[in-house]
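Colleague: Please take me through this model slowly, and tell me how each value was arrived at.

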Amino acid sequence: MKRTLSLIILVLLCTALVFPCGAVSTAPRFVDWAGLLSAGEADSLLYRLDDLSESQQADIVVVTIPSLNGAWAQDYADDFYDDNGYGLDSDNSGILLLVAMAEGEYYISTTGRGISALNDHAVSEIGSEVASYLSSGRYADAFIRFADLCDYYLTAEAAPPVPQSFPWQHNLVISLVIALVLALIVTVVMKGKLKSVHRATTAASYVNPGSMKLTVSRDMFLYSQVARHPRPKDNPSNRSGGTSVHVSSSGVSHGGGGGHF
Amino acid sequence: MKCPYCDTEFEMETLADYDSVLQNEQPDSFQWDSTPSENWTVDEASGLHTYSCQSCGGEIIGDETLAATACPYCGNPVVMMGQFTGSLKPDLVIPFKLDKKAAVAALQQHYRGKRFLPKVFKDENHIQEVKGLYVPFWLFDARADADIRYRATRVRSWSDRDYDYTETSYYALMRSGSLSFAGVPADGSSKMADDLMESIEPFDLSQAVDFQTAYLAGYLADKFDVSAEQSAENANSRIRQSTTDAFAATVQGYSSVIPESSSIRLNSSRVRYGLLPVWLLNTVWKGETYTFAMNGQTGKLVGNLPLDKSAFTRWFFGLTGLFTAIGFGLSYLLWR
């Protein structure tokens, strides 16, 4: 009996060593405090989120709450992520979607690899898709779509750059065109050396040095016109991959963005 | 005051001021004071087309263009005054400073570094003729008085949160002043190509001396057959351009400047008649005559040369191949 007990303790200790605590999230990846999904929907979503998180080595989390109670969506989402110990690798990588029903607000908080995978443009893309589902009340679809999009962006980020073969045809044609233009310039310049007879158009070399006298030099202001053009609202530079990052109350860097539905 | 059409606002004072500027404008005036210089003295004009050599007494009969040559009997340089009978006596002459050898050497130098010059042309190099010639030039001295008005704009732009602003300020710029020119040359010989003569400029008139027939000895000399009035057209356009350029250079700091009106008038103008030294070299190649001219004072030699078309083609394709290889090689290195 004593032997059996010590064996069980040994097995438990080994298990604890093989799965270090830090690598396992303490909280579930779907927290439905607002009670939006049925039990069946919740189970299948949780299964999808767990599966995805393991394969991507980044926690994909969905949190619904009845109300923010006056808190900022960004702070709430960041703190929820930090306080519940989400994040699988050393960077605490993960993406959290917070939905606050009373305010009709959502917020996507990114951490670690989640920040690099989702730039501002990607966050707003995901946000607008999710918001359109949320506003029509299709909550399960919204969260599944969120998981799919996170999967897509994390995969794209993790994928090694596709090895390209040397585009020799393309380069040869461009080299040839540039070379033709350069050769033409050089030969035309060389040809121009053969011609040394030109008409003179000025008498600049016959000006008496210092004879230029300016008796009147007046700059008269007449009128001015101001034209104004509205500045483009959507700064196109964001599209190419800018990412805004802030630091949460617990000192962890988060990215992300949110909006209303 | 507000424009009823475009809502632009003007200051009353500015308008009045601008109006007074507009009223003071004057038309261009290019008047040359071409009072004739001295005529030949009776003494100078006494010898006609036949000439007795002062040294050996031999008789030389020159053709119409010949004004200075060497006596065929004794080699003494002579000047045939008959050519100048009835025309103006030159005011000045710039004596030749460079001799025939220098002219031939300058031509050799001229051939150098020109890869498209047919090699045969260089090697055969049959210079048919080398002539030292005093070319008649009209020399224009004048002070150009100019009143030029420009319309200029200055553009300033700034932005706030919602708008980009562009402010365009319009200005009227007035420039008046003068610029003086000394000895703007225009060749007075119809046989001389104007572009050839203009290409060997400039001549340094500070080295000019009062005309003496002795300077002509040993050289050919032409007399003018284009009047000062006819040549003036060319000098005028050059003076106008240089004056315009000089005043335009005083306008700075604007985004755009457009001349609106300009009035350039010549004052205290004077035309002088001078003989300037030019070496002329002729060569005939493949039935075409190539003429080179060298400034007998400064040694500047000009003249168009024939093009070796096959060399041009060779170089063009050779360089294209070379540049393609370099570009392709570079693109490969960068790709790696």
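Colleague: Which residue, with a positive phi, follows α2(B)?

Modeller: This is a predicted model, in which local features need pLDDT of at least 70 and side-chain atom pairs count only at pLDDT 80 or more, whereas totals for chains, interfaces and linings use all residues. Residues are numbered from 1 along each chain as its sequence is written, while chains are lettered from A and ligands numbered from 1 in the order in which they are written. Helices (H or I, at least four residues) and strands (E, at least two) are DSSP runs, numbered from the N terminus. With a phi near 70°, the residue that follows α2(B) is Gly113(B).

Colleague: How far apart are the end C-alpha atoms of helix α2 of chain B?

Modeller: The expected span is 1.5 Å times one less than the number of residues. Helix α2 of chain B has twelve residues, 100-111, and should therefore span 16 Å, which agrees with the distance between its end C-alpha atoms, 17 Å.

Colleague: Which element supplies the largest share of the side of chain B that touches chain A?

Modeller: Counting two residues as in contact if their C-beta atoms, placed from the backbone, lie within 7 Å, 64 residues of chain B contact 51 residues of chain A. Elements of chain B that each supply at least two residues to this side include α1 (12-23), α5 (228-248) and α6 (309-335). The largest share, 22 residues, comes from β7(B).

Colleague: In which sense do strand β5 of chain A and β7(B) pair?

Modeller: Two strands pair if DSSP finds at least two bridges between them, and strand β5 (residues 213-230) of chain A shares 16 bridges with β7(B). One of the partnerships joins Pro230(A) to Tyr163(B) in β7(B). The sense of the pairing between β5 of chain A and β7(B) is antiparallel.

Colleague: Which are the edge strands of the open sheet in chain A?

Modeller: This sheet has six strands in the order β1-β2-β3-β4-β7-β6, with mixed pairing. Three bridges join β1(A) in parallel to strand β2 (residues 59-65) of chain A, and Phe30(A) stands opposite Val62(A) in β2(A). The strands that pair on one side only are β1 (30-32) and β6 (245-247) of chain A.

Colleague: At what angle does helix α6 of chain A run to β2(A)?

Modeller: Axes are lines fitted to C-alpha atoms, for helices over the stretch in contact, and angles run from 0 to 180 degrees between N-to-C directions. Helix α3 (residues 73-83) of chain A lies across β2, β3 (94-100), β4 (105-111) and β7 (253-260) of chain A, at about 130° to β3(A). Helix α6 (residues 139-158) of chain A lies across β2 and β3 of chain A, and its angle to β2(A) is about 155°.

Colleague: Which strand gives the most residues to the largest nonpolar core?

Modeller: A nonpolar core is a set of buried Ala, Val, Leu, Ile, Met, Phe, Trp, Tyr and Cys residues joined through C-beta atoms within 7 Å, where buried means that 20 or more other C-beta atoms, placed from the backbone, lie within 10 Å of the residue's own (exposed is 12 or fewer, partly exposed in between). The largest has 57 residues, and those that touch the most other members include Tyr134(B), Phe140(B) and Phe181(B). With 13 residues, the strand that gives the most is β6(B).

Colleague: How many residues are in the second, separate core?

Modeller: In chain A, buried residues make up 29% of the 261 residues. The second core includes Leu49(A), Ile60(A), Leu96(A) and Ile126(A), and its number of residues is 42.
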